[in-house]
Amino acid sequence: MPLTDPDRLFPVEPGLRGLARDLYGSVRDMPIVSPHGHCDPRWFAENERFPNPAELFVIPDHYVFRMLVSQGVALSDLGVPRVDGGATEADPRAIWRQFAENYHLFRGTPSSMWLDHSFEHVFGLDEVLSAANADAIYDFIDAKLGQDDFRPRALFERFGIEVLATTEGALDDLKWHQMIRESGWGGRVVTTYRPDAVVDPEFEGFAANVEAFGAVTGENTATWDGYLNAHRIRRLFFKTFGATASDHGHATARTENLPKAEASALFQKALKGDCTPEEADAFRGQMLTEMARMSLDDKLTLQIHPGSRRNHSAGVYAMHGRDKGFDIPGRTDYVGALKPLLDAVGMEPKLKVILFTLDETTYGRELAPLAGAYPCLRLGPPWWFFDSYEGIRKFREATTETCGFYNTAGFNDDTRAFCSIPARHDVARRSDCAYLAGLVGTGRLRESEAYEVAADLTYNLAKDAYGL
């Protein structure tokens with residue numbers, strides 16, 4: 001039996017289900033535009049086989065291992081590296097068995113749908129993963145990974161990916177992107193400018209990072225003017241490797257528009273490590289406004305990803321470092337927090353600022369009204385914990401009546417797990433088509449318009465929002 005229902009996520013009512021099915025059929029095979037994510041460009045530069053099923057599905061995917069950890073499985077037992085280089089499980093088959101034995105934990109979650117989609121539509125499996133078949137499925141997938149058709153570039157092409165954006169820090173030398181370029185391969189993999197390590201005074205090694213930033217740009221980053229110019233230089237360097245966006249993962253959406261003397265003084269405190277938490281947040285906020293001004297010049301789309309209370313478990317952070325499943329959503333203000341930036345540049349029609357949230361309560365109260373008024377704003381798709389059918393449905397229901405479809409940015413998958421890309425885009429296409437069918441069924445959208453909107457949500461809006 002197939003692992004996935006061909007009518008999954010469509011309405012139950014027969015008439016609406018038929019329309020949703022037809023709408024989905026019109027966009028199902030459109031190219032994938034993946035404008036924001038965290039895939040490793042090294043995969044496509046070297047085009048080596050993925051090492052094994054555990055390295056492909058378990059070790060890089062925080063959606064997977066956080067669920068297992070929540071049921072008592074240690075990160076070390078899943079092969080997740082330790083900061084101190086200490087021992088972790090090195091046998092990928094043992095890691096896979098742990099995953100298979102606990103596969104039932106994912107029932108009803110987006111991860112289950114993504115994984116089943118990958119198992120069925122990428123690898124041709126038709127059995128639900130379990131302890132009983134763990135070794136057999138491991139061997140089957142591992143054998144597939146040894147075939148040329150399952151190397152990264154071949155999968156990229158089979159998935160129908162038109163463009164994929166990775167995310168690199170401001171100090172990255174982009175050598176893997178250089179290698180992709182020199183290889184002559186036709187796949188389009190671009191970078192994204194992520195400067196957190198040199199804009200966040202609370203980032204470990206901030207002062208040393210800023211000094212290194214000066215070394216790679218030839219600017220005196222001990223001065224405010226030199227520091228800002230270093231960003232301009234680095235952004236242009238990233239643009240030479242296809243970057244069309246910058247990305248900013250801050251604890252809050254706070255922005256500031258301080259006079260130059262105050263901003264410079266705050267920067268000096270940050271370099272000395274003397275900032276209070278309030279001052280560090282103010283500096284991050286100032287840098288969002290500075291980045292928005294730079295975007296007016298170099299046309300990079302500005303993405304703001306606020307609201308994650310990162311590394312919530314001090315023990316996990318100390319042992320395994322960042323991005324290990326313990327980033328937790330928190331309440332986030334946008335109306336007050338964004339006002340300084342919007343007062344400075346919010347009415348600029350050529351500026352594109354994409355807002356994301358981990359606080360669903362802000363959709364109708366704050367985000368949709370803001371995006372429905374300010375020319376520069378677009379709403380990013382449901383992100384992280386809300387990248388799901390229910391998340392997409394609630395997003396559309398809470399925002400469409402206030403800001404419409406065309407103040408949103410389509411879909412992006414924001415993934416580290418390569419094989420989940422087509423699965424996530426499929427969920428988004430199905431979810432949006434289900435929503436559009438409901439609008440048609442209740443007389444709020446003409447059927448002909450629904451087909452146009454489906455294509456826009458699938459492809460055109462992301463291309464426009466990210467300048468791709």
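1. A charge is said to sit over a ring if NZ of Lys or CZ of Arg is within 6 Å of the ring centre and within 35 degrees of the ring normal. In this structure, which is a predicted model, the charged end of R424 sits over the ring of W114, at 3.9 Å from its centre. A further case involves R181, which lies over the face of F241, at 4.3 Å from the centre of that ring.

2. Aromatic rings also meet one another in this model, and the count comes to 38 aromatic pairs. One of them is formed by F50 and F418, whose rings are 6.1 Å apart, centre to centre, with 35° between the planes, and the pair is described as tilted. The label follows from the angle, because planes under 30 degrees apart count as stacked and those over 60 as edge-to-face, while the rest are tilted.

3. Why does the pair of F50 and F418 tie together parts that are 368 residues apart in sequence? F50 lies in the loop between α2 (41-46) and α3 (53-57), whereas F418 lies in the loop between α18 (389-403) and α19, so the pair joins parts with that separation along the chain. As for their surroundings, F50 is buried, and F418 is buried as well.

4. Other rings are linked into a cluster by ring pairs, and its members are F57, W96, F99, Y103, F106, F119, F123, Y138 and F150.

5. The second largest pocket has a volume of about 370 Å³, and its lining is made up of 20 residues, of which R28, D29, H117, P422 and D426 lie nearest the centre of the pocket. Which helices each supply at least two residues of this lining? They are α6 (110-122) and α19 (420-441), and the largest share, five residues, comes from α19. Sorted by class, the lining of this pocket has nine charged, seven nonpolar and four polar residues.

6. Turning to the strands, three of them form an open sheet in the order β1-β2-β4, with parallel pairing. The edge strands are β1 (32-34) and β4 (189-190), each of which pairs on one side only. In general, the strands of a sheet pair through backbone hydrogen bonds, and the pairing may be parallel or antiparallel.

7. How many bridges join β1 to strand β2? There are three, and β2, which covers residues 161-165, runs parallel to β1. For a reader who wishes to find a bridge in the structure, S34 is a useful place to look, with L164 as its bridge partner in β2.

Methods: Residues are numbered from 1 along each chain as its sequence is written. This is a predicted model: local features need pLDDT of at least 70, side-chain atom pairs count only at pLDDT 80 or more; totals for chains, interfaces and linings use all residues. Side-chain values use heavy atoms; hydrogens and water are left out. On a 1 Å grid over the protein atoms alone, a cavity is a set of points where a 1.4 Å probe fits but cannot get out, and a pocket is an open set with protein on both sides within 12 Å along at least five of seven lines; lining residues have an atom within 4 Å of a point. Grid points are joined across faces, edges and corners, and a volume is the space filled by probe spheres set on the points. Helices (H or I, at least four residues) and strands (E, at least two) are DSSP runs, numbered from the N terminus. Ala, Val, Leu, Ile, Met, Phe, Trp, Tyr, Cys and Pro count as nonpolar, Asp, Glu, Lys and Arg as charged, and the others, Gly among them, as polar. Rings of Phe, Tyr and Trp (its six-membered ring) pair if their centres lie within 6.5 Å; planes under 30 degrees apart count as stacked, over 60 as edge-to-face and the rest as tilted. Buried means under 20% relative accessible area, exposed over 50%, partly exposed in between (1.4 Å probe, protein chains only). Two strands pair if DSSP finds at least two bridges between them.
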